[in-house]
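Please open the model in a viewer and keep the selection tool at hand. The stops below proceed from one selection to the next.

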Amino acid sequence: MPDSTTVPKKTEELGKGSEYTIALLGNPNTGKSTVFNALTGLRQHTGNWPGKTVTRAEGEFRFQENRFKLIDLPGSYSMVAASPDEEIARDFILYDRPDVTVVVVDVTRLERNLNLVLQVREITDRLVICLNLADEARRNRLEINIDELSRQLGVPVVLTAARYREGLDRLIRCIAEMASGLISPQPLKRRHETSLHPGIKDMVSRAGEPGADIDESVHEKLMGRFYAQAARIARDVVTPPGEKKLFDLTRAIDRIVTHRFWGFPVMLLLFSLVFWITIAGANIPSRWLSALLLDLVYPFLKQIAVSIEFPWWLSGLLIDGIFLATAWVVSVMLPPMAIFFPLFTLLEDFGYLPRVAFNLDRVFKKTGAHGKQSLTMMMGFGCNAAGVIAARIIDSPRERLIAIITNNFALCNGRWPTQILIATLFIGPLVPAHLAGLISAGAVLVIALLGVGLTLAVSWGLSRTILKGESSSFSLELPPYRPPRFIKTLYTSFIDRTMFVLWRAVVFAIPAGAAIWLTSNININSKSVAEILVGFLDPLGILLGLNGVILLAFLVAVPANEIVVPTILMLIVLVTGAPGAGEGAGVIFELDSLSRTMDIFKANDWSLLTAVNLMLFSLIHNPCSTTLYTIKKETGSIKWALVAAFLPLVMGFSVTFLVAQVWRFFS
Amino acid sequence: MNRFNAEGTIDKEESLDNLKIGEKGRVVHLSSKCRGSERQRLIALGVLPGTVIHVEMTSPFGDPVAYRIRDAVIGLRNEQAQLIRVTPL
């Protein structure tokens with residue numbers, strides 16, 4: 001260990017076997033997470049900060065046999081916390097005392113970012129500045145005098161373009177040298193200008209205490225000085241481009257997407273495109289998957305069961321029940337999600353999504369919600385569970401709850417097959433053949449838009465009743481458009497979103513499959529439990545313009561919306577003895593031809609009313625168990641999960657009941 | 001409300017939401033009605049006396065409006081912009 005009174009000689013080698021904690025801090029939209037991912041690669045995991053629903057990402061990298069634990073702090077504008085995110089960042093630096101704090105700075109917006117750097121400098125001087133987005137600086141022909149910046153700040157400054165992995169080696173080396181004490185920070189030049197007060201450290205830590213009152217005029221003066229100094233430093237080190245940029249792509253695109261006339265049509269067009277690509281693109285992979293799992297793996301498993309002499313009920317339960325249900329969920333759910341989420345993430349990466357929230361904020365504000373709910377709603381069209389998690393982008397707990405509870409009305413991927421099938425079979429035939437496809441698609445679109453309308457209406461209702469309160473403070477940064485990283489996006493969105501949701505769905509499909517098989521094969525008084533339940537639910541079903549089969553299917557499909565249709569088909573075959581293609585009872589199957597599917601519905605006396613109400617009920621019923629479980633975890637409250645479960649269910653019953661009465665009255 | 005500037009002439013002062021696209025204003029102060037975390041957030045974003053704010057664009061509904069504040073483009077609702085007093089430039 002070097003003697004603390006001597007300055008260690010700068011050597012190439014660090015000590016070995018040490019472990020350091022490094023904090024990663026920065027304004028939002030600086031590419032901080034790109035830096036984090038580039039440094040940690042796969043050696044990372046995400047979770048929550050204790051007691052909060054803010055994502056905590058932690059990872060690790062190694063350098064010369066030392067371990068560096070990297071904590072990605074939430075994006076912050078200031079150390080004087082105005083939001084839970086900033087509180088977390090501030091608390092970590094103040095109390096957890098990382099060995100080094102790396103501040104990621106957007107090199108094209110130095111003045112603004114330096115404000116945070118100067119504030120952090122007051123709390124800790126063990127900083128390394130990561131000047132990120134060098135590729136954009138080059139594109140804008142910006143020149144930065146890095147040595148001068150480093151000299152003025154008294155800490156190392158490294159220029160990087162994390163997206164292209166430029167400058168990372170130097171960054172790691174600087175971090176390592178600072179952590180191990182090989183280099184020491186120098187005093188900030190002209191420090192006295194910002195030391196107005198006993199210190200921002202004092203103000204920052206006092207701001208964390210409950211009931212603390214920041215002296216607002218002092219706060220303002222202090223911030224003014226930080227910004228003034230940031231401006232001065234920026235002026236000293238930045239050389240702006242020689243000639244004014246001829247064409248600002250971001251501005252040009254924004255003129256169109258926020259245009260009074262063109263803004264919304266462009267938005268609708270873009271999202272329709274996303275949905276269309278998802279549906280069209282998922283079709284074939286879905287068939288392959290179901291062919292693989294149902295035609296190949298399923299018989300194979302049955303053969304194994306026979307050869308190791310499983311009792312019929314065990315092979316029935318495990319293979320006919322659990323495996324088939326899971327196979328169904330996977331083949332229906334995976335392909336659309338594997339397309340929808342990456343597309344969505346690409347839009348996000350590109351920078352378009354804040355513009356959507358910007359355009360729609362007024363609508364959501366009028367209902368008492370937050371503009372960002374438009375984004376969680378869009379996410380919900382992929383999967384409601386993902387939409388619920390996405391609600392973390394909304395700071396205010398009240399507005400976040402509204403977003404979470406209403407997310408169910410976004411028609412998720414799992415319900416599209418149901419809607420499309422019913423529309424094709426029942427609505428299409430109502431018009432001439434050449435229009436059938438268009439009208440069926442139109443019917444599904446109407447349902448989806450109805451869902452959007454319900455989202456707004458229920459948000460309005462909630463904010464007037466059980467979730468009353470003030471609109472939160474709003475600020476939405478609109479970063480410049482950046483070319484999205486296609487491969488990276490596909491990969492990370494696949495792991496983060498698609499696989500994650502799929503995993504949870506499989507977990508819940510297992511009990512569903514078991515329940516289906518059991519109720520179909522356990523007989524009481526020579527009738528299967530399923531038949532008894534169908535009979536029991538029939539009166540209620542008919543009242544709602546549905547029937548017992550549909551209700552039971554929804555009951556069993558609480559785990560996953562994908563299995564509603566196959567369960568319905570299976571139950572009809574079971575109950576009516578209609579010719580079906582499956583073997584045995586309680587076996588979920590799919591029919592290859594639409595007309596054979598229609599035959600089965602007819603055997604169960606389905607009418608147009610049944611179809612319409614089924615589409616409505618599929619939109620307005622309780623969330624699937626994956627979503628409910630996610631809601632419970634995100635809100636930490638069973639009460640809200642129950643509200644989220646029963647509110648849509650009650651609404652669904654009411655709507656179908658009303659429609660049924662009106663329909664029957666007029667026919 | 002009008003203010004006397006250094007030359008003794010009057011600077012008009014109005015709230016930010018009165019500016020149109022393409023116009024700019026220099027911040028005079030934040031209204032005292034703006035307090036708590038709302039105020040801190042605006043200050044953290046750089047809305048301080050002396051800062052020049054450009055009006056970049058509006059959403060199709062006219063609310064919120066995107067302002068360029070110290071090299072960042074930030075969307076603010078009209079009710080927030082009303083709390084920011086500026087001198088048109």
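Select E477(A) and R109(A): the two form a salt bridge whose closest N and O atoms are 2.8 Å apart. E477(A) belongs to strand β10 of chain A, whereas R109(A) sits in the loop between β5 (100-106) and α3 of chain A, so the bridge ties together parts that lie 368 residues apart in sequence. Both residues are buried. As the model is a predicted one, these positions are to be read as computed. Extend the selection to D106(A), E136(A) and R482(A); together with R109(A) and E477(A) they are linked in a network of salt bridges.

**From β10(A) into chain B**

Keep β10(A) selected and add strand β7 (residues 72-76) of chain B. Two bridges join these strands, which run antiparallel. Within this pairing, L476(A) has G75(B) as its bridge partner.

Now display the whole sheet. It is open and has seven strands in the order β10(A)-β7(B)-β6(B)-β5(B)-β4(B)-β8(B)-β3(B), with antiparallel pairing. Its edges are β10 of chain A and β3 (14-15) of chain B, each of which pairs on one side only.

Next, select strand β4 of chain B, residues 24-30, and look to either partner. Three bridges connect β4(B) in the antiparallel sense to strand β5 (residues 52-58) of chain B. Five bridges, also antiparallel, join β4(B) to strand β8 (residues 84-88) of chain B. Which residues of these partners does R26(B) meet? In β5(B) the bridge partner of R26(B) is V52(B), and in β8(B) the partner is T87(B). G25(B), for its part, stands opposite I53(B) in β5(B).

**The contact between the chains**

Select the residues of each chain that touch the other: 43 come from chain A and 35 from chain B. About 3600 Å² is buried between the two chains, with carbon and sulfur atoms giving 53% of that area. R112(A), E220(A) and F358(A) are worth labelling, since together they supply 17% of the area that chain A buries against chain B, more than any other three residues.

Turn to the polar side of this contact. There are seven salt bridges between chain A and chain B, and 16 residue pairs are in polar contact across it. On the side of chain A that touches chain B, the elements giving two or more residues are α3 (110-123), α8 (216-237), α9 (249-257), α12 (353-366) and β10 (476-477). By class, this side of chain A has 15 nonpolar, 14 polar and 14 charged residues.

Two of the salt bridges can be picked out in turn. Select E220(A) and R39(B), whose closest N and O atoms are 2.8 Å apart. This pair crosses from helix α8 of chain A to helix α1 (residues 36-44) of chain B. Are the two side chains' residues buried or exposed? E220(A) counts as buried because its relative accessibility is 15%, under the cut-off of 20%. R39(B) is likewise buried, at 9%. Then select E56(B) and R251(A), which form a salt bridge with closest N and O atoms 2.9 Å apart.

**A sheet region within chain A**

Move to strand β4 of chain A, residues 66-72. Five of its seven residues are buried, so that the strand is mostly covered. Strand β1 (residues 19-26) of chain A pairs with β4(A) in the parallel sense over six bridges, and Y20(A) stands opposite F68(A) there. Strand β3 (residues 55-63) of chain A pairs with β4(A) in the antiparallel sense over seven bridges; R62(A) has R67(A) as its bridge partner. In the hairpin of β3(A) and β4(A), two residues lie between the strands, and Q64(A) takes a positive phi near 45°.

Keep R67(A) and add E19(A). Their side chains meet in a salt bridge of 3.0 Å, N to O. The pair links strand β1 of chain A with strand β4 of chain A, 48 residues apart. R67(A) is partly exposed, at 33% relative accessibility.

**A last stop and the wider view**

Select W313(A), in helix α11 (residues 312-350) of chain A. W313(A) is partly exposed, with a relative accessible area of 45%. Add I522(A): the C-alpha atoms of W313(A) and I522(A) are separated by 10.0 Å, although the residues are 209 apart along the chain.

Finally, display the whole of chain A, which has 25 helices and twelve strands. Of its 667 residues, 55% are buried. Over all chains, the structure holds 27 salt bridges.

Conventions. Residues are numbered from 1 along each chain as its sequence is written. Chains are lettered from A and ligands numbered from 1 in the order in which they are written. This is a predicted model: local features need pLDDT of at least 70, side-chain atom pairs count only at pLDDT 80 or more; totals for chains, interfaces and linings use all residues. Side-chain values use heavy atoms; hydrogens and water are left out. Contact means heavy atoms within 4.5 Å. Buried area is the accessible area (1.4 Å probe) that two parts lose on being put together, summed over both. A salt bridge is a side-chain nitrogen of Lys or Arg within 4 Å of a carboxyl oxygen of Asp or Glu. A polar contact is a pair of N or O atoms within 3.5 Å; within protein, one must be able to donate a hydrogen and the other to accept it, and residues adjacent in sequence count only if both atoms are side-chain atoms. Helices (H or I, at least four residues) and strands (E, at least two) are DSSP runs, numbered from the N terminus. Ala, Val, Leu, Ile, Met, Phe, Trp, Tyr, Cys and Pro count as nonpolar, Asp, Glu, Lys and Arg as charged, and the others, Gly among them, as polar. Two strands pair if DSSP finds at least two bridges between them. Buried means under 20% relative accessible area, exposed over 50%, partly exposed in between (1.4 Å probe, protein chains only).
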